[in-house]
Amino acid sequence: MIEINLSPRASARSGRGAGLAIGAALADLRGRVRDPFLVSAIGSLVLAILVVGGLHWHHVSRVASLTETEQQAVQDSTRYAAVLKEKYAAAAQRDSILKQLEIIRSIDDERFVWPHVLEEVSRALPAYTWLISLDQTSAVVSAAARVDTTPAATRGRTAATPAARTAPIVDPRTVSFRLVGQTVDIQALTRFMKLLEASPFIQNVQLARSDAVASEGKQVTEFQLDAEYEPPAAGVIQTIPVTLTVR
């Protein structure tokens, strides 16, 4: 059923009456609340609610920001961990290759030591003088033992720098040897020592002993010489690169 208000003034008066009733109720409430401690308690409660609400909102925002930062840091850590793993693997492979190259270089350095020594001894040997033995007196060190085998991990994580480079422990060209021979002419022994000392491949020639002995019914002088291999100067040996042609 539809109702039509035929007295709008009455409705307006009714609205104004309701407003006046609310205002009167508030005025009556203010009139009743006259205790200052109650007012202070209510104000403190309202202020506490506002402060707690503000702090809660601040902490919620802070937690959200820190959570986002943590997720970003975890993603970066995962990415960087993979990069560092590849870096350490490449450094280990590089160290292995450097070690192999050092072993090859060490072998190549001593490859022509004894050919040069034997050639110089044969060239300096005078007439009426012969050798009985030629022995190495220095320690024989393998090529692998001359190379530093310390892992890169124990040398620190600077393995990507030249600190991880291998280095010979012993110079493979430091070779001492002993010559034992006989001669029928003592002057020949003197010439032999001078010629050995003049060689660019031999140094520190020392006479260890010299004795008169009998050989095949004849008296000869048996001598013992100690010497060392000397790395020659750069201009003494001419080197050329070795090329391999693949057909």
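**Exercise 1. Find out how strand β2 is joined to strand β4, and which residue faces G181.**

Step 1. In this predicted model, strand β2 (residues 176-183) and strand β4 (residues 218-229) run antiparallel and are joined by 8 bridges.
Step 2. Look along β4 for the partner of G181: F223 stands opposite.

**Exercise 2. Work out how β3 and β4 are connected.**

Step 1. Strand β3 (residues 202-215) also runs antiparallel to β4, with 11 bridges joining them.
Step 2. One facing pair here is A214 and Q219, the latter in β4.
Step 3. Now follow the chain from β3 to β4: the two form a hairpin with 2 residues between them. In the turn, E216 has a positive phi of about 55 degrees.

**Exercise 3. Decide which parts the salt bridge between D226 and R178 ties together, and whether each residue is buried or exposed, or in between.**

Step 1. The closest N and O atoms of D226 and R178 are 2.8 Å apart.
Step 2. D226 lies in strand β4 and R178 in strand β2, so the pair ties together parts that are 48 residues apart in sequence.
Step 3. Partly exposed means between 20% and 50% relative accessible area. D226 has 23%, so it counts as partly exposed. R178, at 33%, is therefore partly exposed too.

**Exercise 4. Do the burial step for E222 and R209, another salt-bridge pair.**

Step 1. The closest N and O atoms of E222 and R209 are 2.9 Å apart.
Step 2. E222 sits in strand β4 and R209 in strand β3, 13 residues apart.
Step 3. E222 is buried because its relative accessible area is 16%, while R209 is partly exposed at 30%.

How values were computed: Residues are numbered from 1 along each chain as its sequence is written. This is a predicted model: local features need pLDDT of at least 70, side-chain atom pairs count only at pLDDT 80 or more; totals for chains, interfaces and linings use all residues. Side-chain values use heavy atoms; hydrogens and water are left out. Two strands pair if DSSP finds at least two bridges between them. Helices (H or I, at least four residues) and strands (E, at least two) are DSSP runs, numbered from the N terminus. A salt bridge is a side-chain nitrogen of Lys or Arg within 4 Å of a carboxyl oxygen of Asp or Glu. Buried means under 20% relative accessible area, exposed over 50%, partly exposed in between (1.4 Å probe, protein chains only).
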